[in-house]
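Okay, hi everyone, thanks for coming. I'll put the structure up on the screen, and then we can walk through it together.

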Amino acid sequence: MPRVSAPVVKLVQRTTEPAGVQTLRSTAAAVIAYSTAVWALPEPAPLTAPLTALLVVQVTLYATLTTGIRRVNSVIVGVLIASAFSSLVGLTWWSLGLTIFTALLIGRVVRVNEFVPEVAISAMLVLGVSQVADTAWDRVWETLIGAVVGLLFNLVFAPPVWVRSAGSSIESLALRMGTMLRSMGEEVVGSNPVPRAAARLHEARRLDHDIVEVDASLRQAEESLTLNPRVRQGLLHRVVLRSGLDTLEICAVVLRVLNRTVTDLAKARTEESLFPADVADLLRELFARLAEAIESFAVLVTTQLAADAEEAEERLSDALARSRTTRDQVADLLLEDVQEHPRQWQLHGALLAEIDRILAELDIEERARRLGEELDRRSAEAHARHPRLRALRQRLGRQSA
């Protein structure tokens, strides 16, 4: 059997990812729209049809259905404006500027919302090739053909689901937090210079930027799950991922406060060890257990298969149990240390309280309760928005019973 080269394998892997799939889908939709327009219209180069298809075929089916009408509206308005200007004055520098100004102004009047720039873009493109079409209706028909092809293409060939990329983002965030906790565990042994502790604090603050990026990826995944015929239990997947990110976000905040506490201790103990040797060893173990718990939690919320989820839950449960045991040992030793050396006792209490908050957020039973409440809330909101659909489902349920 011939061996496939590594570049070919990498290319195939990229094309099977959501970004590669979307590129192929957009290209195919544009080509089909152009071919349909050439067959249906007398124009030799109906480029407005593939343009509209490219705009309509969005990353997710939900985005296509919710924004497709506004996109088509923006393109049609731009086509009409450009056709009017081309028939009156043609293409000059001042007519181009006037076309753009008029398109942006009318785009706000017709309320295409975020697609106002596309009115001007469509007008400029059509104005540049205005000699190809004799009437504005030719461009309008091209636009409608492109819109129909784009919508049908997304309905027949459903867009990719972006859950895997969102899950990878969540797991990467958890890995960064776990790496930070392990580094903190190494730094509590012996003396911890203030500059190093302050640098760790700044690193913890930068987690906010990572959370923003993960949130954007998760929003895209939530849209890809909405109204997608390839997905079952889309609401459950959305709630699991969103609640998982919310938990990690709270843990990131607590981790920042935890680094603030360690930094304050480093400032107060510049001439001595941060903790006694026995306490430091247990803290290093505790931070390692917390890192393992956060990473296992991320794997749990992003796992699709039931068997893998059960294994991840077992690892999380074990990491939490070991963390709580080590935490109690640290608390006993810190209490003895405070009785002998009462300085900065409040920072010791803050350290334990922040660790307790992380353990509480990762607790499996508490998470199950929050998931149930969120699912009930989402279901109630859906029923409130669609009372007739709810009544129809109840009527059908009674008839089947």
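Let's begin on the outside, with a nonpolar patch on the surface that covers about 1,100 Å². The residues that make it are Leu88, Val89, Trp93, Trp94, Leu98, Phe101, Leu105, Ile106, Val109 and Val110. Which helix gives the largest share of that patch? That would be helix H5, residues 93-109, with 7 residues. Leu105, for instance, sits in H5.

Before I go on, please keep in mind that this is a predicted model. Every number I give you is computed from it.

Now let's zoom out. How many helices and strands does the chain have? There are 16 helices and 0 strands. The chain has 401 residues, and 43% of them are buried. Its accessible surface is about 21,400 Å², with 60% of that belonging to carbon and sulfur atoms. And here's one about how the chain folds back on itself: take the contacts with a separation of 6 or more, and 80% of them are between residues 24 or more positions apart.

Let me show you a contact between parts of the chain that are apart in sequence. Find Asn73 in helix H4, which runs over residues 61-88. Asn73 touches Val110 and Val112, if we skip residues up to four places away in sequence. You may remember Val110 from the patch we started with. Asn73 and Val112 are 39 residues apart in sequence, yet C-alpha to C-alpha they are 7.0 Å apart in space. Is Asn73 buried or exposed? Somewhere in between: Asn73 has a relative accessible area of 29%, so it counts as partly exposed.

Next, let's go inside, to Val330 in helix H13, residues 306-340. Val330 has a relative accessible area of 0%, so we call it buried. Who does Val330 touch, leaving aside neighbours within four places in sequence? The partners are Leu282, Leu283, Leu286 and Leu352. With Leu352, the distance along the chain is 22 residues, and the C-alpha atoms are separated by 8.5 Å.

Leu352 takes us to helix H14, where it is one of the buried residues. The others buried in H14 are Leu347, His348, Leu351, Glu354, Ile355, Ile358, Leu359, Glu361 and Leu362. We can also do a quick check on the helix itself. H14 has 18 residues, so at 1.5 Å a residue it should span 26 Å, and its end C-alpha atoms are 27 Å apart, which agrees.

Did you spot Glu354 in that list of buried residues? This one is in H14, residues 345-362. Glu354 is buried but has no salt bridge. How far away is the nearest side chain of opposite charge? It belongs to Arg357, and it is 4.9 Å away. A salt bridge here needs the nitrogen and the oxygen within 4 Å. Not counting residues up to four places away in sequence, Glu354 touches Val254, Val257, Leu258 and Thr261.

That brings us to charged pairs in general. Side chains of opposite charge can pair when their charged atoms come close. How many salt bridges does this structure hold? The count is 18, and I'll show you a few.

One is between the side chains of Arg200 and Glu187, at 2.4 Å, N to O. This pair links distant parts of the chain, with Arg200 in helix H9 (residues 194-205) and Glu187 in helix H8 (residues 163-187), 13 residues apart. Arg200 is at 15% relative accessibility, so it counts as buried. Glu187 counts as buried because its value is 8%.

Another salt bridge joins Glu366 and Arg369, with the closest N and O atoms 2.3 Å apart. Both are in helix H15, residues 364-385, and they are 3 residues apart, about one turn of the helix. Glu366 is partly exposed, at 27% relative accessible area, and Arg369 is partly exposed too, at 40%.

Then there's Asp328 with Arg327, where the closest N and O atoms are 3.3 Å apart. Asp328 is partly exposed, with a relative accessible area of 42%, whereas Arg327 counts as buried at 18% relative accessibility.

And to finish, have a look at Glu186, Asp281 and Arg284, which are linked in a network of salt bridges. Okay, that's my tour, so over to you.

Methods:
Residues numbered from 1 in each chain as written. Predicted model: local features only at pLDDT ≥ 70, side-chain atom pairs only at ≥ 80, totals over all residues. Heavy atoms only, no water. Helix = DSSP H or I, 4+ residues; strand = E, 2+ residues; numbered from the N terminus. Buried < 20%, exposed > 50% of the residue type's maximum accessible area, 1.4 Å probe, protein only. Lys, Arg positive; Asp, Glu negative; His and termini not counted. Contact = heavy atoms within 4.5 Å. Areas by Shrake-Rupley, 256 points an atom, 1.4 Å probe, with all protein chains shown as cover. Expected span 1.5 Å × (residues − 1). Patch = residues over 30% accessible without salt bridge, like charges linked within 9 Å, V, L, I, M, F, W, Y side chains within 5 Å.
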